[in-house]
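Reader: I am new to this structure and should like to learn how its features are read. May we go through them one at a time?

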Amino acid sequence: KHYNAASFSLSAPTLAHCPLDEGWEVAFAGRSNAGKSSALNCLTSARLARTSKTPGRTQLINFFSLDEQRRLVDLPGYGYAKVPDALRRDWGQHLGDYITQRQCLRGVVIMMDVRHPLTDFDLQLIDVATSRDLPVHILLTKADKLKRGPAANQLQMVRNELNKITGNLSVQLFSSLKSNGTADAWDKLDQWFEL
Ligand code: GTP
Ligand code: MG
């Protein structure tokens, strides 16, 4: 699979430090601790991104190359309360700059804890992405934390909410722990990367 060949490329503190805006990128975003880095690692069968029990671990924009043209991007988590306000504004700024300005961006994967989906921050991010006509795919992470029925209910609830929003939006259950949902996530990435 293409995604196994992913390798770390670089970490950028701001948009100005990102690689040349060429080729295709898919960004992974979400609240701090939602499981972004774990999902990236799971989808690439690698330990590319650092995971942690401490929210706010990923503070830089991290780029992982799949091939010469295609990159996966681990964005800093948002909504983490215990960082100073100034720092939080900076992150929000860099994140916003990246999503609104990056030309090579093909789609945004948003990770949400299946038990706490669609926070205000999540909805803001969806709004920023869809305003640019970017497709958004939501991974409801840590699905292993819920039994089958409650997980299915959460999925349906999120689907219903997304139906009220205009845009190219999709959602699925995902568990990095159990490697559940990888096939559907790969299908979506293939589509965006034209693989
Ligand atoms: P920041 O970079 O700090 O914003 O966090 P993140 O979104 O990258 O989250 P990360 O992948 O580091 O995971 C946060 C915590 O959730 C870790 O303790 C993970 O082990 C746990 N976790 C992530 N994915 C899963 C999952 O699918 N199932 C379970 N049970 N735990 C998970
Ligand atoms: Mg992370």
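Reader: Is E194 buried or exposed?

Author: This is a predicted model. A residue counts as exposed if 12 or fewer other C-beta atoms lie within 10 Å of its own. E194 has 9 C-beta neighbours inside 10 Å, so E194 counts as exposed. E194 belongs to the segment after α5 (182-193). Its backbone also deserves a glance: the phi of E194 is near 55°, a positive value in a residue other than glycine.

Reader: Where does D133 lie, and what is its phi?

Author: D133 sits in the loop between α3 and β6. Its phi is positive, near 65°, and D133 is likewise a residue other than glycine. With 8 C-beta neighbours inside 10 Å, D133 counts as exposed because the limit is 12 or fewer.

Reader: How is the length of helix α3 to be checked?

Author: One compares an expected span with the distance between the end C-alpha atoms. At 1.5 Å a residue, the 12 residues of α3 should span 16 Å, and the end C-alpha atoms are 16 Å apart, which agrees.

Reader: Which residues of α3 are buried, and which are exposed on the other side?

Author: The general idea comes from the helix itself. An α-helix has 3.6 residues a turn, so residues three or four places apart point the same way. In α3, the buried residues are F121, D122, L125, I126 and A129. These buried residues cover an arc of only 140° around the axis, which puts them on the same side of α3. On the other side of α3, the exposed residues are D120, L123, D127 and S131.

Reader: In what order do the strands of the sheet stand?

Author: A sheet is read from strand to strand by its pairing. Here 7 strands form an open sheet in the order β1-β3-β4-β2-β5-β6-β7, with mixed pairing. β1 (7-12) and β7 (169-173) stand at the edges with a single partner strand each, so one side of each has no neighbour in the sheet. On average, neighbouring strands of this sheet are turned by 20° against each other, direction ignored.

Reader: How does β5 pair with β2 and β6?

Author: Strand β2 (residues 24-30) and strand β5 (residues 105-113) run parallel, with 6 bridges between them. Within this pair, E25 has L105 as its bridge partner, and F28 stands opposite V109. β5 and β6 also run parallel, joined by 6 bridges; there M111 stands opposite L139.

Reader: Which strands do helices α3 and α4 touch?

Author: For a helix packed on a sheet, one notes the strands it touches and the angle between directions. Helix α3 (residues 120-131) packs on the sheet and touches β2, β5 and β6 (136-141), its direction making about 170° with that of β5. Helix α4 (residues 148-162) packs on the sheet against β6 and β7, and its direction makes about 175° with that of β7.

Reader: How many residues has the largest nonpolar core, and which element gives the most to it?

Author: The largest nonpolar core has 46 residues, and those with the most contacts inside it are A27, F28, I110 and L140. β5 gives the most to this core, with 6 residues. As for burial, 7 of the 9 residues of β5 are buried, so that strand is mostly covered. I110 may serve as an example: leaving aside its neighbours within four places in sequence, I110 is in contact with A29, G30, D122, L125, I126, V136 and I138.

Key: Residues are numbered from 1 along each chain as its sequence is written. Chains are lettered from A and ligands numbered from 1 in the order in which they are written. This is a predicted model: local features need pLDDT of at least 70, side-chain atom pairs count only at pLDDT 80 or more; totals for chains, interfaces and linings use all residues. Two strands pair if DSSP finds at least two bridges between them. Helices (H or I, at least four residues) and strands (E, at least two) are DSSP runs, numbered from the N terminus. Axes are lines fitted to C-alpha atoms, for helices over the stretch in contact, and angles run from 0 to 180 degrees between N-to-C directions. Two residues are in contact if their C-beta atoms, placed from the backbone, lie within 7 Å. A nonpolar core is a set of buried Ala, Val, Leu, Ile, Met, Phe, Trp, Tyr and Cys residues joined through C-beta atoms within 7 Å. A residue is buried if 20 or more other C-beta atoms lie within 10 Å of its own, exposed if 12 or fewer, and partly exposed in between; C-beta atoms are placed from the backbone. The expected span of a helix is 1.5 Å times one less than its number of residues. The arc is that of the directions from the helix axis to the C-beta atoms.
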